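Me: Could you help me see how words like "buried" and "salt bridge" get attached to residues? I would like to go through the reasoning step by step.

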Amino acid sequence: MALTLYVDTARWRAHQQMVIQQFPGIVPVCKGNGYGFGHERLAEEAARIGADVLAVGTTYEAARMKDYFSGDLLVLTPFRRGEEPVPLPDRVIRSVSSVDGVYGLVNARVVIEVMSSMKRHGVTEEDLPKLHAAIENVRLEGFAIHLPLDRTDGIDAVEEVIGWMDRLRAARLPLHTMFVSHLKADELARLQQQFPQTRFRARIGTRLWLGDHESTEYRGAVLDVTRVAKGERFGYRQQKAASDGFLVVVAGGTSHGVGLEAPKALHGVMPRAKGVARAGLATVNRNLSPFVWAGKQRWFAEPPHMQVSILFVPGDVTAPQVGDELVAHLRHTTTQFDRLFDR
C-alpha cells in the first residue's frame, strides 16, 4: 500500500512539447526533489526532449545528476569561496554572482548572474568595470538574470532585462548568451528580436514539469478503517472522537511531505480571512488533510504520522474500504512518493 503519483504520460509530454516550442533553446530545471518526479526521471525526460543543458540547484545535485544526464549541468546556486569542494566533471557550469567569485573559479566554465529586482544575489552595475580582468581566466558561458514572479509596481520584465543588456553592452562585456528566468514566451521573443546577436535561453522548471495540473495526481491507499463512537479515545494522544464516525488510515505521512506546507504570500482580503480561519481551527486541533473522500477534503483525526495519516470520516458518510485510493492535493515540490505509475 503506497502513496502513488499517477502520471498521464502522453498528456504530460504533450505539455512539455508545447513549452519547448514556446521557448527555443530552453534549459530545463531539475532541483530540490525533482519537482516531485525525482532527479532520475527528469534527467531522462530532459534527454528525451534533446536538452543540451540541464540546470540543477546545487553542486551536490550536480554530483548525483552527472550519472543520469550526459549533457552540460548548470549549477544555479552561486559559487562562494570556502564552499565544500565537490568533485565535478568539466561539463558542469558554475553560476557566480560576484567579482571575487569569478576570480575564485580559474579555468572553470561560468555564468555570471546580475542583480535583478529580486535583490537576491548578482553583480551590480558598479562591478561591471572589474569584470574585464576577472573573466580573462574563466570560460564565460554567458550572463544570467533571475526575475521576480510578481510585479506589483508595474515595472516591465522586458525593460528590466533591456536595462541590463544596455549596461553590459556599454561595459563592452560579451553578450553572446543571456540566461533568463520567469519571462513569458512573447517577452522572450521581444528580447530576441531586439538583440538578434544574443541567444536568450529560458531556464524553466515549474512551467515545464508542472504546468498541466490535470496530467498528474497523487493517491494514497487506504490501509485500515475502524469505526469509533462519540467520546471514544484513539490515536497517539488519546483524543476523544467528537462524533460517531470512522478512522481511516491512509498511506502518506510526514516523510512523504503530508502535513507540511510552505509559507504563502497572501494578497487580498479573502485569502487573508481564510488564512486566519485555518489558523483558528488549528488551535483547537482541527486541521484539514489533503485527502479527498466522497467529494470533500477530510479532516485529520490527529497530526499525520511518519508514513500514514489518520482521517476522520463522519458516520453519515459511507466509509472507504481497505485498498481504495484517496486523491490527495499535495504540492509536488514538497512531496516524496512511494511509487510513480505511468498511465
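Me: Why is Arg11 called partly exposed?

Reply: Buried means under 20% relative accessible area, exposed over 50%, and partly exposed in between (1.4 Å probe, protein chains only). Arg11 has 37% relative accessibility, so Arg11 counts as partly exposed. Do keep in mind that this is a predicted model, where local features need pLDDT of at least 70, side-chain atom pairs count only at pLDDT 80 or more, and totals for chains, interfaces and linings use all residues. Residues are numbered from 1 along each chain as its sequence is written, and side-chain values use heavy atoms, with hydrogens and water left out.

Me: And what makes Asp212 buried?

Reply: Its relative accessible area is 14%, and the limit for buried is under 20%, so Asp212 is buried.

Me: How do you know that Arg11 and Asp212 form a salt bridge?

Reply: A salt bridge is a side-chain nitrogen of Lys or Arg within 4 Å of a carboxyl oxygen of Asp or Glu. For Arg11 and Asp212 the N to O distance is 2.7 Å, so the pair fits that definition.

Me: Why is the contact between Glu217 and Arg343 also called a salt bridge?

Reply: Their closest N and O atoms are 3.7 Å apart, and the limit is within 4 Å, so this pair fits too.

Me: What makes Arg343 exposed?

Reply: Arg343 has a relative accessible area of 51%; exposed means over 50%, so the label follows. Glu217, at 22%, is partly exposed.
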